[in-house]
Amino acid sequence: MKEFNYIIKRILQMIPVLLVVTVVIFAGMRLIPGSPAITMLGDHATPQAVEEMNEKLGLNEPLIVQYFLFLRQVLTFDFGNSITLNAPVWDLFKEKAVVTLTLTVMTGLFTLVISFLFGYIGGISRNKVVTKTVDTAALIFISIPEFWIGIQLMMIFGLKLGLFPVGGWGTTWGEHLHSMVLPAIAGGLGTSALMIRNIEEEILKIRRQDYVDFAYSKGLKKSVVRNRYILKNVMVSTITLFSMRIVYMFAGSVVIETVFALPGLGNLLMQAILSRDYSLVQGLVYIFAVIVLVMNLLTDISYSFINPRIKLE
Amino acid sequence: MKKRLKGMPVSFYVGAVILFVILLMTFFPGLFTDQDPYTQDMNALLQGPSAAHWFGTDDLGRDVYARVIYGTRIDLAIGIFAMLVPAVTGTLIGLCAGYYGKKVDAVLMRILDVITAFPFIILVIAIVAIIGSGIRNMFIAIWCVGWKDYAKLVRSEVLAEKNMEYVAAAKTLGFSGARIMLRHILPNVIDGAFVYAISDVMMCMMVGASLSFLGLGVSAPTPEWGAIITGGRPFLTSAWWISIFPGIFLAVAGVAISFVGKGVAEKVKAK
């Protein structure tokens with residue numbers, strides 16, 4: 001019951017934030033210098049065509065009316081039509097979201113496997129050299145930009161060795177997953193490195209706790225102590241970090257999708273920005289914001305399930 | 001100073017030495033190369049690394065090594081200035097929110113809620129899209145967003161600190177709020193923000209390079225590492241050297257900063 005109340009309260013708290021988000025996006029889009037109609041039609045547009053476009057976009061209405069028109073669109077998930085792509089923004093979003101979701105899931109899985117593997121090795125090892133090596137390697141990978149790793153992976157495994165496609169995401173699910181391997185690695189290495197350091201640090205800390213010594217002195221097997229006493233406690237902070245980074249990966253798709261020419265949301269957003277497609281930009285940025293807010297909420301709720309000691313207030 | 005540096009991990013010294021070299025490249029690029037980063041040589045297009053051109057040449061026959069060396073000052077400047085302004089404003093905002101509490105705090109937290117609703121890179125890209133691309137606008141975009149982490153960090157520290165006796169004492173003495181915040185509380189809460197600021201330089205460098213890569217930051221012909229990498233993208237198979245070297249420099253600079261930051265963080269934690 002307490003959980004339920006908390007969730008309701010958090011959802012209610014989201015409403016004013018979402019409203020302000022709409023104001024920010026609306027104001028931002030109006031601040032763009034130049035007339036959107038001229039930008040879309042080109043410099044040689046006739047005044048008549050510009051006027052028609054203004055009418056079509058609702059730009060002749062007073063600002064406050066324009067805002068409420070936008071708000072109505074937002075509330076009904078109807079973000080209008082993209083001018084350049086000639087399709088409803090919501091449909092474009094649905095179409096491209098599959099790519100970005102697949103990418104995020106693949107990146108997340110890669111990150112989980114790599115970080116737990118190496119974090120565990122680094123943390124549990126009694127050999128100082130192993131611990132230091134893992135730690136230093138992780139620190140190095142934190143400092144390398146994703147797009148550069150992406151380009152190098154593409155060059156070596158895509159262009160030189162021909163093992164993976166270098167752009168696009170194919171037509172079948174087999175091709176989809178195949179084409180996501182390099183992007184997932186490129187997008188996941190940085191987060192993996194962060195998580196490896198976190199897991200390692202946590203394990204080293206927990207290993208020194210009294211209850212671990214006690215478990216050993218009770219005569220429990222090494223594997224039991226490691227899995228049930230140490231790893232379980234590492235989970236809390238790691239899952240927190242991971243859920244924060246999932247949002248980051250989702251947004252990072254802008255960069256990774258540009259590198260690998262994947263037809264996802266990030267790519268769509270860049271296209272929209274470069275072609276000054278107003279309705280598309282404001283629709284996408286708003287959807288991104290909603291997704292982030294929902295993810296943050298889920299993270300907060302999941303705390304209490306992983307660690308019952310955390311009280312939701 | 002000597003006492004402070006004692007007991008730092010080896011990685012700290014490695015990072016410090018690399019940073020020193022990077023600073024030399026920043027202020028005296030002439031020490032490292034006598035080539036000009038802008039001079040085009042149509043007789044030497046897309047040439048591989050050689051004794052004359054250590055990192056080869058690009059599609060306009062410019063020396064990649066010279067461009068990377070001269071790019072150091074631009075990338076380092078991006079990292080430092082993109083960090084500096086948000087660090088100061090964020091710290092001040094966090095101080096005020098934590099110290100005054102109540103309404104000031106509530107307003108700030110709502111603003112933070114809204115900013116956190118946008119993913120960092122999306123918000124920066126959107127701002128750049130609105131005000132136009134280019135290095136100046138890139139700074140403005142990062143400044144608008146970057147302060148939130150400092151504000152959060154400092155605010156939580158201030159909340160813990162402001163009930164301490166020395167703050168009560170300063171209040172009794174009739175000091176002004178500004179004086180108590182800046183002279184009494186700030187020195188006790190700055191450590192966390194300081195450690196964060198060091199790694200923030202690295203993160204800002206990466207964001208800057210990524211924006212240039214997307215075509216929203218530094219544009220040609222300015223020698224910036226991200227922009228050089230982008231410039232080399234069409235020639236990945238025929239001229240790998242254009243995109244690989246600036247990336248290595250970016251990574252090495254990032255690692256050096258991380259190493260130094262880690263050393264400082266451990267020192268601060270021990271205190």
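Colleague: How many salt bridges does the structure hold over all chains?
Modeller: This is a predicted model, and the count rests on side-chain pairs in which a Lys or Arg nitrogen lies within 4 Å of an Asp or Glu carboxyl oxygen. Taken over all chains, the number of salt bridges is 8.

Colleague: Which residue of chain B meets the side chain of A:Asp135 in a salt bridge?
Modeller: The contact, at 3.1 Å from N to O, joins A:Asp135 to B:Lys262. The pair crosses between chains, running from helix H6 (residues 128-142) of chain A to helix H10 (residues 240-270) of chain B, and both A:Asp135 and B:Lys262 are buried. A network of salt bridges links these two residues with A:Arg197, while the partner asked for in chain B is B:Lys262.

Colleague: Is A:Lys205, which meets A:Glu202 in a salt bridge, buried or partly exposed?
Modeller: The two residues are 3 apart in helix H8 (residues 173-207) of chain A, so about one helical turn separates them. A:Glu202 is buried, with a relative accessible area of 15%. For A:Lys205 the relative accessibility is 45%, and because the partly exposed class runs between 20% and 50%, A:Lys205 counts as partly exposed.

Colleague: How many residues apart in sequence are the parts tied together by B:Asp105 and B:Arg155?
Modeller: The side chains of B:Asp105 and B:Arg155 meet at 2.6 Å, N to O. Because B:Asp105 lies in helix H4 (residues 102-117) and B:Arg155 in helix H6 (residues 135-161) of chain B, the salt bridge ties together parts whose separation in sequence is 50 residues.

Definitions and conventions: Residues numbered from 1 in each chain as written. Chains lettered and ligands numbered in written order. Predicted model: local features only at pLDDT ≥ 70, side-chain atom pairs only at ≥ 80, totals over all residues. Heavy atoms only, no water. Helix = DSSP H or I, 4+ residues; strand = E, 2+ residues; numbered from the N terminus. Buried < 20%, exposed > 50% of the residue type's maximum accessible area, 1.4 Å probe, protein only.
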